[in-house]
Amino acid sequence: MAKVVAVDSDLMVYRVGFACQQAVDFGDDYDQVTVYGDKKKAESMLIAEAVKLREHFGKRAHIVFCLSDPYNNFRKDVLPSYKGNRNNSAQRPVLFKFIRDWFIFNTETRCEDTLEADDLLGMMATGPEQALMVSIDKDLLTIPGTLYDPETLKPVKTDADTAQYNHFYQTLVGDSVDNYKGCPGLGKVKAARLLDEECSWEAVVAAFEKKGLTEEDALVQARVAYILHHKNYDFDTKEVTLWTPQE
């Protein structure tokens, strides 16, 4: 059976998009600067990326390009401030829609309501497809499976126990990029020491309670840190099943 490779294509949208745009200043007689995107260059770069993946994983590999829902994110229902430090429209390259459409019309692409590309990779890696994952996002080390760096294409394998450790660690330290805080005052060293002593949900909750918070506060952080597994999404109803400590 051909191996399935799930690729985080959000990275390509932004990297290629910004590489193919340029600002034009019309000079002192004009008050405006405009930005244009080179579609032909972008398409050439995208094809080169696809060819690189094909050459590495083989002609029989089933490569699927995964894109985030650009408008909605279920995590904002869990934590309204999630990614609230970003102005997505301002940070998008001018070729954002062109590149996304290129994937949709020229490759096998997946995009599901309210999900991020990471979730699609996590679901494919833990489902019947047992997909290999390609992404730079360290959050995917919370998924049991094999993750490839898109630049080097070197694999990192994560077992179930390590994946759970990484999820609890992310719950404790938070993520400033995604704008969730974790456990206040608990840095990376203390979080690792705590989990090295006892890697359990009870230990995570105890850390939050020492800061005057509750298990519900810990649960909010754990749910936004959690990358969905195959069991957490209903493709028919488009409903997400949030993480629980029993998982």
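In this predicted model, an open sheet is built from 6 strands, which follow the order S5-S4-S1-S6-S7-S8 with mixed pairing. Its edges are strand S5 (109-110) and strand S8 (155-158), each of which pairs on one side only. Helix H2, spanning residues 39-57, packs on this sheet and touches strand S1 (4-8), S4, strand S6 (132-134) and strand S7 (145-148). The direction of H2 makes about 145 degrees with that of S4.

A good place to begin a closer look is S1. What is found on its two faces? Val-4, Ala-6 and Asp-8 lie on one side, Val-5 and Val-7 on the other, and all are buried, leaving both faces of S1 covered. With 5 of its 5 residues buried, S1 is therefore largely enclosed by the rest of the structure. S1 pairs in the parallel sense with S4 over 5 bridges, and Ala-6 stands opposite Val-64 of S4. S1 also pairs with S6, again in the parallel sense, over 3 bridges; here Val-7 has Val-134 of S6 as its bridge partner.

Moving outward along the sheet, strand S4 (residues 62-66) meets S5 in a parallel pairing over 2 bridges. Within this pairing, Phe-65 has Thr-109 in S5 as its bridge partner.

Phe-65 also leads to the aromatic side chains, for which the structure holds 11 pairs. The ring centres of Phe-65 and Phe-103 are 5.2 Å apart and the ring planes stand at 35 degrees, so this pair is tilted. Phe-65 belongs to strand S4 and Phe-103 to helix H5 (residues 96-106); the pair links distant parts of the chain, 38 residues apart. Both Phe-65 and Phe-103 are buried.

A further pair joins Trp-201 and Trp-243. Their ring centres are likewise 5.2 Å apart, but their planes meet at 70 degrees; as planes over 60 degrees apart count as edge-to-face, the pair is therefore edge-to-face. Trp-201 lies in helix H9 (residues 201-210), whereas Trp-243 lies in the segment after strand S10 (239-240), so the pair ties together parts that are 42 residues apart in sequence. Trp-201 and Trp-243 are both buried. These two residues also belong to one aromatic cluster, formed by Phe-168, Trp-201, Tyr-226 and Trp-243.

Finally, a charged group meets an aromatic ring at Phe-96: the charged end of Arg-92 sits over the ring of Phe-96, 4.4 Å from the ring's centre.

Conventions: Residues numbered from 1 in each chain as written. Predicted model: local features only at pLDDT ≥ 70, side-chain atom pairs only at ≥ 80, totals over all residues. Heavy atoms only, no water. Pairing = 2+ DSSP bridges. Helix = DSSP H or I, 4+ residues; strand = E, 2+ residues; numbered from the N terminus. Contact = heavy atoms within 4.5 Å. Axes fitted to C-alpha atoms, helices over the stretch in contact; angles between N-to-C directions. Buried < 20%, exposed > 50% of the residue type's maximum accessible area, 1.4 Å probe, protein only. Phe/Tyr/Trp six-rings, centres within 6.5 Å; stacked < 30°, edge-to-face > 60°. Lys NZ or Arg CZ within 6 Å of the ring centre and 35° of its normal.
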